Amino acid sequence: MKKIYIICSLIVVLGIAAGITFFLIRDANMAIPGDVTLINQNGESYTFGNDRTKLKLIEFIYTNCPDVCPTTTVKMAELKNELIKSGDFGNKIKFITITIDPYNDTPDKLLNYMKAFGVENSDSWIFLTGEKENIKKDHEKIRRVAESLQFQYKDPGNGQFIHTTFTYLVDENNNFITKFPMGKDFNKTEVYNKIKDKMN
């Protein structure tokens, strides 16, 4: 009986270890496809593969989000100010906000969203959406980017999206480094320290 108990315990431990290993390997291999091109808040094209900024902090939002998205954007704006003080923002790191609702979130809508949170219109923090003329294809591109980072979302039909609650840090080749919680659990100090660590 004791032998069976030991064998069963060993199987459980090995199963847990295999599961952890799977997720670690999966996360380590995540990368944004370099051929994805979207448009920013100014209607200009942005291609992930052409951006060699050392680090990028990526946030997914939709402008009608009532809670977690705006809370994250506020905290990222505060984090931006800290990175400006250290001389890193725009030089060694940029922020990228991607809407998951390109049908509603036009460049003008994104500009208004930025203004509401005191985000200056610059190349250091860009907001991405799809072109009106190619909106269906561009929405598929947005989903490709989201899925490449294991970010999931769904519109149940009432305009209030159900979505994963993580932001993502990627390197100059758009390879996944780590992720952070969105909303009230977004810890500016933790994110700042991780960014500074990866700059060295």
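Reader: What does the secondary structure of the protein come to, in helices and strands?
Author: The protein has five helices and nine strands. Do keep in mind that this is a predicted model. Along the sequence, the elements follow the pattern α-β-β-β-α-β-α-β-α-β-β-β-β-α.

Reader: What share of the protein counts as buried, and what supplies the exposed area?
Author: Of the 200 residues, 44% count as buried, a label that requires a relative accessible area under 20%. The protein exposes about 10700 Å², and carbon and sulfur atoms supply 54% of that area.

Reader: How do you know what share of the contacts joins residues 24 or more positions apart?
Author: The starting set is the contacts with a separation of 6 or more, and residues 24 or more positions apart account for 69% of them. A contact here means heavy atoms within 4.5 Å.

Reader: Let's take one residue. Why is Leu38 called buried?
Author: Leu38, in strand S1, has a relative accessibility of 1%. The cut-off for buried is under 20%, so Leu38 earns the label.

Reader: Which residues is Leu38 in contact with, leaving aside its neighbours within four places in sequence?
Author: They are Glu44, Ser45, Tyr46, Phe48, Leu128, Thr129, Asp138, Lys141 and Ile142. As for Phe127, which is 89 residues from Leu38 along the chain, the two C-alpha atoms are separated by 9.8 Å.

Reader: What makes Arg144 and Asp35 a salt bridge?
Author: Their closest N and O atoms are 3.1 Å apart, and the rule asks for a side-chain nitrogen of Lys or Arg within 4 Å of a carboxyl oxygen of Asp or Glu. The pair therefore qualifies. Arg144 lies in helix H4 (residues 135-148) and Asp35 in the loop between helix H1 (2-28) and strand S1 (37-39), so the bridge ties together parts 109 residues apart in sequence. By this rule the count comes to eight salt bridges.

Reader: Why do Arg144 and Asp35 get different exposure labels?
Author: Exposed means over 50% relative accessible area, and partly exposed covers the range between 20% and that value. Asp35, at 54%, counts as exposed, whereas Arg144, at 37%, counts as partly exposed.

Reader: What about Lys85 and Glu82: how do you know where they lie in the helix?
Author: Both lie in helix H2 (residues 68-85), three residues apart, about one turn of the helix. Their closest N and O atoms are 3.5 Å apart, which is within the 4 Å limit for a salt bridge. Lys85 is exposed at 69%, while Glu82 is partly exposed at 38%.

Reader: And what makes Asp88 part of a network?
Author: The side chains of Asp88 and Lys92 meet in a salt bridge at 4.0 Å, N to O. Salt bridges that share partners join Asp88, Lys92 and Lys196 into one network. Asp88, with a relative accessible area of 3%, is buried, and Lys92, at 39%, is partly exposed.

Reader: How do you know the span of H2 agrees with what it should be?
Author: At 1.5 Å a residue, the 18 residues of H2 should span 26 Å, and the end C-alpha atoms are 26 Å apart, which agrees. Just after H2, Gly87 has a positive phi of about 80 degrees.

Reader: Which residues touch the most other members of the largest nonpolar core?
Author: This core has 51 residues, and Phe48, Leu57, Phe60, Ile93, Phe95, Ile98 and Ile195 touch the most other members. H2 gives the most to this core, with six residues. Ile93 is in contact with residues including Leu55, Leu57, Leu83, Leu169 and Ile195. In soluble globular proteins, nonpolar side chains tend to be buried together.

Reader: Why say that the buried residues of H3 line one face?
Author: In helix H3 (residues 107-116), Leu110, Leu111, Tyr113 and Met114 are buried. Seen down the helix axis, the buried residues fall within an arc of 160 degrees, so they line one face. The face turned away from them carries the exposed residues Asp108, Lys115 and Ala116.

Reader: What covers the buried residues of H3?
Author: The cover includes strand S3 (55-61), H2, strand S4 (93-99) and strand S5 (125-128). After H3 comes Gly118, with a positive phi near 70 degrees.

Methods:
Residues are numbered from 1 along each chain as its sequence is written. Side-chain values use heavy atoms; hydrogens and water are left out. Helices (H or I, at least four residues) and strands (E, at least two) are DSSP runs, numbered from the N terminus. Buried means under 20% relative accessible area, exposed over 50%, partly exposed in between (1.4 Å probe, protein chains only). Accessible areas come from the Shrake-Rupley method with a 1.4 Å probe; for residues, only the protein chains shown count as cover. The expected span of a helix is 1.5 Å times one less than its number of residues. A nonpolar core is a set of buried Ala, Val, Leu, Ile, Met, Phe, Trp, Tyr and Cys residues joined through side-chain atoms within 4.5 Å. The arc is that of the directions from the helix axis to the C-beta atoms.
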